[in-house]
Amino acid sequence: MKAFTQFALLPLMLLYGGILYAYMGRILVQWELPKGWVSFLILAFSVAGIFALLLIHPIREAAENTWIRTFARWFYRALFPLLGLLAVAIYTRVQQYGITEERYSVLVLAAWLALIATYFLLRQGRGIIWIPASLAVVALLSVVGPWSAFAVAQRSQHRQLLALSQQYQLLQNGKLDNAGKHQTKLPWEVRKRTSSIFDFFADRNALAQLQPQFSASLQLPDSIRQQPRWKQQQWVSDRLFAASQLFRVDRADEHSGTVPQVSTTFRTEEPKVQPLGRGRYWLPTIATLDYRNLSDDTTEHLLLREGTFRLRSTQYRRRLVLEQLRPDGQWQPVLAAEPGAFVDSLARQHPGENKEEENESIRLPATGMTLTASGKGATLRLFVRYINRTDRQDTVKYEYDGNGLLEFVE
């Protein structure tokens, strides 16, 4: 440990610090703003140096290790110019793009490093317990309360959006609805910033703060709440751009040096049921893939001309049952399909060449993946895209994904 510290750790820290000071000298000579990534280099150097000094603190008082005390004093002094460079770098980014959770973390860590460096210069390296103790307090305060990283970042991005909206007159009666229609020639940088801010709130599904700027509702519909998180984020993002009519700048183009072609995309919400007429309905999605809670077996509710129906996937998803709501509030079975028996039959027909494989994927023609079930005045054809059978000990579970054609016989 002692040999490694003297002959490896110290030269590495000196070399790393020398590179950072050389880069700072280049910035001063060329008088250019530091790049954003320099923050992480300085933070890495600072944190690594402090924790290295923590590790060697027990041997610093030995007579042969006076160099450690000298190194510690100069290390803390050397931190201040680098932290000044870091402050300039992060301040530049915050001025341009506001605070995000990452920039918040950099700011807080830089302030903590400055306080720790000042403390140890005054106390001459005594009281190392304050390093982990103060860092724990800072970490706790950064994740809870109105001063947390998320809360501060959310307020900052909201202020950025309001400032851009006022500067470029995007608001009408305080609302952003249809802003892109009355401001059709926004600068490219403004389009990038509004797109980035919309993506920020969509990624976090945090639209409550943006709702006052829109007349249109930003609430997720019930059909989307049941979808995977990435679909919810996509819906939120599409909703913001559709309501505001602002041009979307893809994330891949945000850092592009050129102005790419701007396109507008329109999507419809995925319907649960598509009426085809004469008692026939197309069901675009019949799936259990996103279902993880086996105790909640209802997959879809269907409001049709013939009444209110629901699809239930029961017996570890072995059966698919169509039920109708009666006037007395009870659910009456209409028909039942057997995806479990269907995939059991397929497994017997296609045992696979390697019986020792635990996971097999067998591609079949579409004609061989259709399941039909009939009942009280109705027929359901299930066109399966994917079906899986998992046999584990004494339990067999099923998953499937497809679409269906529901027909009522008058």
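**Nonpolar cores and aromatic pairs**

The largest nonpolar core comprises 36 residues, and F75 and Y76 are those with the most contacts inside it. The model analysed here is a predicted one. Two or more residues of this core come from each of the elements α1 (2-30), α2 (38-56), α3 (66-97), α4 (101-123) and α6 (149-167). The most is given by α3, which supplies twelve residues.

The surroundings of F75 were examined with neighbours within four places in sequence set aside. On that basis, F75 is in contact with M13, F45, S46, G49, I50 and L53. A second core, separate from the one just described, has 28 residues, and L335, L346, V384 and L406 are included in this set. Aromatic residues also group together: a single aromatic cluster is formed by F45, F75 and Y76. F45 thus appears both among the contacts of F75 and in the aromatic cluster, while F75 and Y76 are also the residues with the most contacts inside the largest core.

Aromatic pairing was then considered across the model. Eight aromatic pairs are found in a search of the whole structure. One of them joins F200 and F201 in an edge-to-face arrangement, with 5.2 Å from centre to centre and 80 degrees between the planes. Both partners, F200 and F201, are buried. A further edge-to-face pair is made by Y281 and F408, with a centre-to-centre distance of 6.1 Å and an angle of 85 degrees between the planes. Because Y281 belongs to strand β2 (residues 280-287) and F408 to strand β9 (residues 395-408), this pair ties together parts that are 127 residues apart in sequence. Y281 and F408 are likewise both buried.

A charged residue was examined separately. D344 is located in helix α11, which spans residues 339-349. The relative accessible area of D344 is 12%; this residue is therefore classed as buried, since the cut-off is under 20%. When neighbours within four places in sequence are left aside, the contacts of D344 include R318, R389 and Y398. D344 is also separated from N388 by 44 residues in sequence, and their C-alpha atoms are 9.6 Å apart in space.

How values were computed:
Residues numbered from 1 in each chain as written. Predicted model: local features only at pLDDT ≥ 70, side-chain atom pairs only at ≥ 80, totals over all residues. Heavy atoms only, no water. Core = buried A, V, L, I, M, F, W, Y, C linked by side-chain atoms within 4.5 Å. Buried < 20%, exposed > 50% of the residue type's maximum accessible area, 1.4 Å probe, protein only. Helix = DSSP H or I, 4+ residues; strand = E, 2+ residues; numbered from the N terminus. Contact = heavy atoms within 4.5 Å. Phe/Tyr/Trp six-rings, centres within 6.5 Å; stacked < 30°, edge-to-face > 60°.
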